[in-house]
Amino acid sequence: MKRLFDLIFSIIMTVILLPVFILIALVIKLSSKGPVIFKQRRIGKDKKEFFIYKFRTMYLETPQNVPTHLLENPDHYITPIGRFLRKTSLDELPQLFNILKGEMSFVGPRPALYNQYDLISLRDGCGVNRVRPGITGWAQVNGRDELEIPVKVEFDRFYVEHYSLWLDAKIIFMTFLNVILAKGVVEGKQTVDEDKITADR
């Protein structure tokens with residue numbers, strides 16, 4: 001049922017949002033050099049690697065495969081339109097194609113970077129790596145970038161152990177609310193140990 005929902009809803013969303021895709025792509029292309037789509041190696045179901053898709057929000061000289069919170073001066077790397085896309089989470093829209101390909105789900109643990117070995121290891125211990133990652137998840141609506149890795153994994157474990165369609169619906173609702181309020185978004189290096197917080201680029 002979950003995969004069927006993902007497939008049907010992603011097709012519907014892609015068709016409805018096609019004009020938005022085109023508009024965002026044009027603005028990105030006209031405002032900075034580089035490709036429209038940013039691809040990054042991530043860990044998927046059963047630890048199979050895949051490339052996650054996002055609208056590019058940073059300049060080409062941005063260090064690759066580095067979480068945004070570890071950048072010394074993220075404002076230097078984020079494009080003007082990128083700031084808006086990240087704040088509204090519109091940069092995540094291309095992940096609809098990851099869902100169509102079966103690499104992701106609408107709801108699930110956020111896929112780790114291929115080199116986030118501490119996060120991957122902790123997820124191994126509680127079965128999180130056995131499920132399909134999502135665009136949003138229980139950890140994202142309970143802190144997102146502000147969470148330390150062990151806490152994030154505990155939220156992921158809770159989701160895996162208590163999965164239901166009702167929980168997915170609740171997470172989707174909370175995601176929309178958090179996007180409106182811009183809750184849990186952290187840009188740039190924080191005053192905590194670098195290996196504790198995990199954030200998506």
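This report looks at two helices, H8 and H2, and how each one sits in the fold.

The model is predicted, with local features needing pLDDT of at least 70, side-chain atom pairs counting only at pLDDT 80 or more, and totals for chains, interfaces and linings using all residues. Residues are numbered from 1 along each chain as its sequence is written, and side-chain values use heavy atoms, leaving out hydrogens and water. Helices (H or I, at least four residues) and strands (E, at least two) are DSSP runs numbered from the N terminus.

Here are the lengths, where the expected span is 1.5 Å times one less than the number of residues.

| Helix | Residues | Expected span | C-alpha end to end |
|---|---|---|---|
| H8 (165-181) | 17 residues | 24 Å | 25 Å |
| H2 (18-31) | 14 residues | 20 Å | 20 Å |

Let's start with H2. Phe 21, Ile 24 and Ile 28 are buried (under 20% relative accessible area, 1.4 Å probe, protein chains only; exposed is over 50%, partly exposed in between). Seen down the axis, these buried residues fall within an arc of 75 degrees (taken from the directions from the helix axis to the C-beta atoms), so they line one face of H2. The face turned away from that buried side carries the exposed residues Pro 19, Leu 23 and Leu 30. Strand E2 (49-55), helix H4 (80-88) and helix H5 (95-100) are among the elements covering the buried residues of H2 (contact means heavy atoms within 4.5 Å).

Now to H8. Its buried residues are Leu 167, Asp 168, Ile 171, Met 174, Thr 175 and Asn 178. They cover an arc of only 130 degrees around the axis, which puts them on the same side of H8. Turned away from the buried side of H8 is a face with the exposed residues Trp 166, Phe 173, Phe 176 and Ile 180. The cover over the buried residues of H8 includes helix H1 (2-16), strand E3 (105-107), strand E4 (134-136) and helix H7 (149-161).
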